Structures are given as C-alpha cells and as structure tokens.
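Trainee: I am new to this structure and would like a close look at one part of it. Please start with a single pair of facing residues, and then lead me outward from there at an easy pace.

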Amino acid sequence: MANPEPGPVLAAVGGRAVPAAARDLLRIVIVGHVDHGKSTLVGRIFHDTGLLPEGKLETIKAVCERRGMPFEWAFLMDALQAERDQGITIDTAQIWFKSAKRDYVIIDAPGHKEFLKNMITGAAASDAAVLVIDVHEGVKEQSRRHGYLLHLLGVRQVAVVCNKMDLVGFDEARFRAVGPEYAQYLASIGVTPTYIIPASARGGDNIAARSSAMPWYQGPTVIEALDRFQPTSAPTEQPLRFPIQDVYKFDDRRILAGRIESGVLRVGDRLMFSPSNQTARVASIEAWNAAVPMEAKAGQSVGITLDDQLFVERGEMASHEDNAPIETDVFCAQLFWLGRDPLKVGARYKCKLATAEFPVTVQSIERVISTTDLSRRDAVEVERNEVAEIVLRARKLVALDEFRSHTRTGRFVLIDKYDAAGGGIISIEGYADQRELVTVRSTNIVKVAHGITGEARAGRNGHKGGVLWFTGLSGAGKSTLAVELERRLFAKGYHVYVLDGDNVRSGLNANLGFSPEDRAENIRRVGEVAALFADAGIIVISSFISPYRSDRDRARRAAKDSFHEIYVKADLDTCERRDPKGLYRRARAGEIREFTGISSPYEAPDAHELEVDTAGADVEVCIERLMDYVRRTIPIAD
Amino acid sequence: MLSHLDNLESQSIFILREAYNRIDKIAMMWSLGKDSNVMVWLAKKAFLGHVPFPVMHIDTGKKFPEMYAFRARYAKEWGLNLILGDCPPVEQMDETLPPAARSAARKTAGLKAKIEELGFTGIIAGIRRDEEGTRAKERVFSPRGQTGEWNFRDQPPEFWDQFKTDFPPGTHVRIHPLLHWTELDIWRYVQREKIPLVELYYAKNGKRYRSLGDKDITSPIVSDAATIEEIIAELEVTKVAERSGRAMDHEAEDAFERLRADGYM
C-alpha cells in the first residue's frame, strides 16, 4: 500500500465506552521471525484505530521517499537511524494506544536472532503476546524460539496472527496448514494460544475491521483478541513474599524497605526472614504524605518497622512462618542463555534472585533443548541464545521458590562479569527443602563438657575414632565392601561398626520415607549418629547412597576432622546389571518413584578423600585399597 | 488489584530504591518541569520523606523567570540538597548540529562537566518512553561510556526487574524511574497527589506550555486549558506530539538521536 487512506476509527475518541480514569493498561508484546511483519502490524493497528499522531503519516512518507522506497509502516516504531537504514528492528520499542475498552502499551520486539536479548527485554515486561507468522513463509526458527521463550518468561496469553494472507490469495487451506502446526508446537511446550487469526497487516484485513476477503473466518479480529486478554496483577492471594530491598535509618526509625511480590502484609503479623530464620512482628507500615496503612499487598513498594531490632539485610526474604520459601543450596533451572561466552559446567556466576545476590557454580548441564524440534541433547556448554536445563549450586543456603507456584520469587538472572547473561526459572524437583534440617527447635540448650578427652579414648582403644562415609549408587557395592572392611578391621583390633541404610531405616529412621526431604533427614540423622560414634572413639563405616552433596557436606561438618568421604564408584549400567535387590528393575517399571540414578539425581562427590572403582576392580583389590587408606590415616597402636 | 497510578508509583519507587542501594554516588536531575517534580515527589515517597541524594539543575541561563522562582521556593520547601551547574557557550558546541540542537547540546556539556567534577556514577533522569522514538528504546538502568555516550545499538538485556548494576570502572549509569509513564499518567498523578508545578503549564491568554525548555527554543501551544482537569481533557483527545514545541527534536531526521547518543537526556 503506497498511499494508505485513513481507516475506520474504532476507538471513537471522546465517545469511548469506558471512562479514561478507570481504564486499565495491558502490555502486549509483538514477537515472531524477522520480516514476518511485526512492525507493520503495529503501524496498521495505529492507523486503523485512528490514533496516529498528527503529521506522523506524512513524516513516514517523507522518510520513505527520501530513501526511494515504498511506504513502510515499520518506520512508526523503528526510531533509530540504523533501523530505518537497514529495515530491521534492532531494539524493542514501546508505543501507547487505546481501544474502546482500555489502554495498551505495544512492545515491538526485534525478530532477528542477533537481537534476542532485546526481544526478551520487551517480552518479559508484557501481559500478553501476539506472535506473528508469515503465512506465505510458514513457521520459522525464531517463530519457535520466541514461542518457547514466552513460556519461560511466564507470558501465558498468546494470540497467533497468520500474517500476509494477501500473499496467498486469502486461501483458507493455507491458513489451516500453518496455524494449527504452530498451535501444536506451542501446546507441546505448555502454551495454549488463545486465538489464531488470519490477517494481512499491510492491507488491514482482520486487524481492526473484519476482512471481506476472508468470509470463512468467524473468530475475533486482532483488536478484539487483544481486548479479551486480561491484565496480569501481582498475586495478592498467594503466600506473602517480601524481599528486603534496603534498610533505612534516616531518622530514629529503622525501616525495612521493599516491594511485596505476593500476598498481604498486616501490622501485627509475625514475619519469618529467610535464610537467616529470624522472626519479628510488624510494628508499623510507614508512609509519607498519606494516611498510615494497616495493611499492604502484592505490588506495593512499602517500608515497615519491626517490634524487635533484628539484624536483617537486603536479600533476606520475609514471609509468614507457615508457607515460608524453600531453603536450599542446590536447585534446577530451565535457563535461556544470552552471554557472549558459553555457560560451562564448573563455571561460577553471580545469581540475582529477587533482591538477593549470591555466587553459584554450574554443577551440571542436564540437557540442551532445541527450540526448533524440542529435541534434547547432552552438552558441556550452553551457547548464546540456547535453552537448557541445568543444576546450580550455591555456597550457602538461599531462600527461593519454585516458579510454578511463585512466579516472581521463582526466577533468577545470572551475571557473567558485568552483564546479565541468562535467566532461569526454578524447580527443585528431586532436591530437598533444607530448612527443616538446619532449624534448631530446642531452646535453653547448655552443652555439657565431657570429662574424658579424645586423646584418652584413643589411648585406650589404640586408635582414634572416625567416620568412613561410603557414598555411591545402589548396587555399587557399598554394603559388600562395608561388611568385609568391618570384618578385616575388627580382626586387626579396631573398634569398628557398620551403619547400613536398610538397618537404620527399620529403627532410628523408621518414620522416614523416600521424598527428597525425608532422604535428607535420613542422612542428617545418620551423620549425627556417626559423628557421636566417632567422638566415642569408634570407627564407623556408614553405607548409604547419600546422593546429595549438601547432605554429605552436612555430615562432614558434624564429624569435623574425623570424616572420610569414600566414593564407591560404579557406573549406572554396571549397577543396573548387578541389581542385587531387584530395585532397578522395579524402578524402570515405574513401581518405585524417585529412585536414585533413574528418576532422582545422584551428585557424585568432587572433594572426596578416596575413590574405589568397583566396576574396574574386584572386591579384594578394593578392600586392599580401603585397608591401606585406614592404616595410613587412622593408624592403630601395636 | 492496585490502580494503574498505584502500579506506576510502586514501580518507580522500586527503581529509585534500587538506584540508591546499588549505585555508589547518585544525583537526580531536576529540570523544574512537571516530570522532574513528579520524580522528586516519588523520591520523597520512596525514602519516607527524605531525598537522600543531591538534586541537580543544569542551568542554561535561558530558563523562564517563573522557573527560577519555582526552584528557589521548592528547593527549600522540599528540603533538597540542590546542586547548580552552568553550561558552556553555544560556540563551543558541535558545529554540524542544527541550530536548536546545538543550543540544547549545551545542557549535555554542562551535565558532563558536573558529573566529572563531583564524581557521580549514577544520574537519575525523568525521561519517558512515550516522549520520543529513541527514548522508547531506553532501558531503566542505561549504562553510559566514559564520556557519557549512549550505545543504543548494543543495550543490555533488562528483565524481571533485575537491572544492570555491575559496571567496569569508569562507566556510569542513567536511571530512568519514569520510563514507563505517559504524559497523561504524569498529569493524573499530579492531580491525585496535588504536586505543585510551574504555572507556565496552565493556559493564559489562549496559550500554554506543554513542555518546558529554554526560552529561545521552546514555544507554547494554543490552548485554553487553565486547570489540571482541562489539561487532562485536552490531552485525552490530542494527536499532537508532546515535544512538538521543542525545536531541537525536529530539525533533521536524526538530530535528536544524535543528541541522545552523545548523552542528552
């Protein structure tokens, strides 16, 4: 269209249905493959709703004429000289418009792969998305990648516009071929497109007005579809999350400042601060030039004072005592990577989660996901613009949530050097909430000093106490080696005792199951018992899968210097072939859930004292290695 | 659910608090216009009655007398730590710029000099995305090079309210707490909060200023809107751009882009 005529005025300015002051605002992002007509769609929406600023049409015409090119709607949004010269959108832009129903911000996102970080910048801020597909060209690489990213960014309301219907003669069959294919892709990643609309942005078909060229289409126009979307609001009905942003002491008040990300906070509420696990009551909600509020809710930036002067810093997350966030030092994430350098296993990044910042190490890359066909592959690096599932480890416990239950506190950004290099959404599936493990409930504890020293005990026994902590997959040979080692050490005169998984679970830990939390508690108790044995001067051999590094580290802290982590190593195939208890067979058959190595993670040790490889050596060789190790590290007096 | 204005206010407070917590040495631009008054007001809300950083007026020496009177009164009334900066003469500006842009460039030069003198690493500025095309592409935390220039071709990603707060030494950052507001939002907020403004915004003898800059490169619009209510009603139906009275925006296709790339607000 070289010379567009003003189209029908949909939003009759001045005579609109909803009074302006009461109208809400919806943020819409326009995404899709490069050249599929995103910017043109935006230009057309403006033109057809009669909302183009005065003189804008003339300016665009002049700019096009100067360049000797046909009229180009994209120039409405592409404000940078470089964008106009190259005819592509480089960075996201925003423009305001109103329909009869409400106000909109339209965010035009670049479709070029090069500018994915800008697309994410635009899309992350939106309530809903319009995904534009050139019906003539069909679904392309960025159509799929953008769809996938919408899912990761938490944008759930999506309309698919099959654009350029004019180029295929408004052919229904062509629309029916492209639309459903793409809808199916979106459905497979958990995004249900609300509408699929055949349209021509250039000609204005099914944008603001119904197209006479496509009588076979009965669904909403683009504008009607936008009007049916709902604004997303901060979740008031969810449990309280109030990340502390800063602490102010401008006068005699000590004010904790921050934005409530979910839930409601009231004066008098008892708040729990994580991960420091302190509690205090809300004494007041502060305000300037306004009535003093008694409650504040999700979305509000507030300042509060407490009845107790806790030492609380930026990064702590306040909640109510029940429904507190998860505390963990390890978590899984679905991540998109924008970094200049690839993300690598073992690399360290700064993690920003709500207002907290802490270092994390990439423990593993589980798989890299192709956004084109959703295939998964193993990898040791995640390249720029790729999506992957990874496991991250922090050095201390951090407070977080799962994305599926708490959007705003269940996501994070990774910083590489100075730059935001990736974003991820959290799941801790297979990992334990460690809050219970570190919470000391007893009060008024006074430790009693022992009358007998460790040296005295070692003197009588002829050796010091110690914990030989065996870890490894089920079937790796832990029990076999433990029992044999116990026999040999006993024969040498050692005071030695085996703690075995199945035995402990019938007594000490009879009340625990196999959920991540129960497994963690199981190991916590065994670690504490083993530490007591060692303190009593005995050598304890503990034989537990103990799959989580956090749990083993906790056992190490309990036993201190007398802890020896021994990795009984055998690959999964070997263990599964041995299957001494028939457990792998049952796990594969789905009869056992959360089975380590099959449906639950095993985190191999990375700072262990000794490794015995039972797949590569027979029992006798392994026992010799173990005996040799004990002789060297825990010598016995003759 | 929070109202639209409540949401805007809360987001701006969040941004101001991030800036104050994460950036070493910050100052707020106070141009005396409606947007920067809203910004000072939001700072008082964010910090519960205090403005815990200096506010800076880069004075071209060519502002309206009403603006100077306003500055004197409210710097005192609002308890502001006011820093004044002056600007070099127009003769020292880039000769290839069109005349009004060249005049406006004085402000950038004055700002750069003040930043250097006082060692600020962050400047809070009240620009909005709806004002102008290149501003629409801005980030909330927008890094600048050593000489204050804006690299609009390679801006950092910004999502989930995690702003860029890590910088190599020598860079500084512009913080834009009003980026997501529109002109109408500003007026509705001024109305709700009863924020004082320079009277030039209200019509007298059939004319009013919609945007305030230097006397010689800013022109009033024809309007009878003498109250906030009338101004809001006028803006509800207008199709004329807010900055149409600001000469430097319109002299050449990329004049304003060049000004901004060089560090103009």
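Mentor: Happy to. Find A:Phe470 and look across to the residue opposite, which is A:Ile566 in β27(A). Keep in mind as we go that this is a predicted model. The pair belongs to two strands of chain A, β24 (residues 466–471) and β27 (residues 563–569), which run parallel and are joined by 5 bridges.

Now stay with β27(A) for a moment. How many of its 7 residues are buried? The count is 6 of 7, and the strand is mostly covered. β27(A) also has a link to β28(A), residues 610–613: these two strands run parallel as well, with 4 bridges joining them. Here the facing residues to look for are A:Lys569, in β27(A), and A:Asp613, in β28(A). So that your eye has a simple route, go from β24(A) to β27(A) along the parallel pairing of 5 bridges, and from β27(A) to β28(A) along the parallel pairing of 4 bridges.

Following the chain past β27(A), you reach a loop between α14 (572–578) and α15 (583–588) of chain A, and A:Asp579 lies in that loop. Its backbone is worth a pause. In general, most residues other than glycine have a negative phi. A:Asp579 is not a glycine, yet its phi is positive, about 35°. Is A:Asp579 buried or exposed? Its relative accessibility is 16%, and because the limit for buried is under 20%, A:Asp579 counts as buried.

For contrast with those parallel strands, turn to another set of strands in chain A, with β18(A), residues 356–369, as our guide. β18(A) pairs with β17(A), residues 348–353, in the antiparallel sense over 6 bridges. Along this pairing, A:Tyr349 and A:Val360 stand opposite each other. β17(A) and β18(A) make a hairpin with 2 residues between them, and A:Ala354, in the turn, has a positive phi of about 50°.

β18(A) has another antiparallel partner in β21(A), residues 387–400, to which 8 bridges join it. The facing residues to pick out there are A:Ile365 and, in β21(A), A:Ile390. A further antiparallel pairing, over 2 bridges, takes β18(A) to β19(A), residues 376–377. Look for A:Ile369, whose bridge partner in β19(A) is A:Arg376. β18(A) and β19(A) also form a hairpin, with 6 residues between the strands, and A:Leu374 takes a positive phi near 65° in it.

From β18(A) we can make a long step to a helix. A:Leu41 is found in α1(A), residues 38–48. Take A:Ser364 as the other end of the step: its C-alpha atom is separated from that of A:Leu41 by 42 Å, and the two residues are 323 apart along the chain. What does A:Leu41 touch, leaving aside residues up to four places away in sequence? The list is A:Ile30, A:Val130, A:Val132, A:Ala201 and A:Ile207. A:Leu41 counts as buried, because its relative accessibility is 1% and the limit is under 20%.

One more stop in chain A is a loop with an unusual peptide bond. In general, most peptide bonds are trans. The bond joining A:Ser274 and A:Pro275 is cis, with omega about 5°. You will find A:Pro275 in the loop between β10 (270–274) and β11 (278–286) of chain A.

Let us end in chain B, where a loop residue makes a good companion to A:Asp579. B:Lys194, in the loop between α5 (183–193) and β7 (207–208) of chain B, has a positive phi near 55° although it is a residue other than glycine. The surroundings, however, contrast: A:Asp579 counts as buried at 16% relative accessibility, whereas B:Lys194 counts as exposed at 69%.

Conventions:
Residues numbered from 1 in each chain as written. Chains lettered and ligands numbered in written order. Predicted model: local features only at pLDDT ≥ 70, side-chain atom pairs only at ≥ 80, totals over all residues. Heavy atoms only, no water. Pairing = 2+ DSSP bridges. Buried < 20%, exposed > 50% of the residue type's maximum accessible area, 1.4 Å probe, protein only. Contact = heavy atoms within 4.5 Å.
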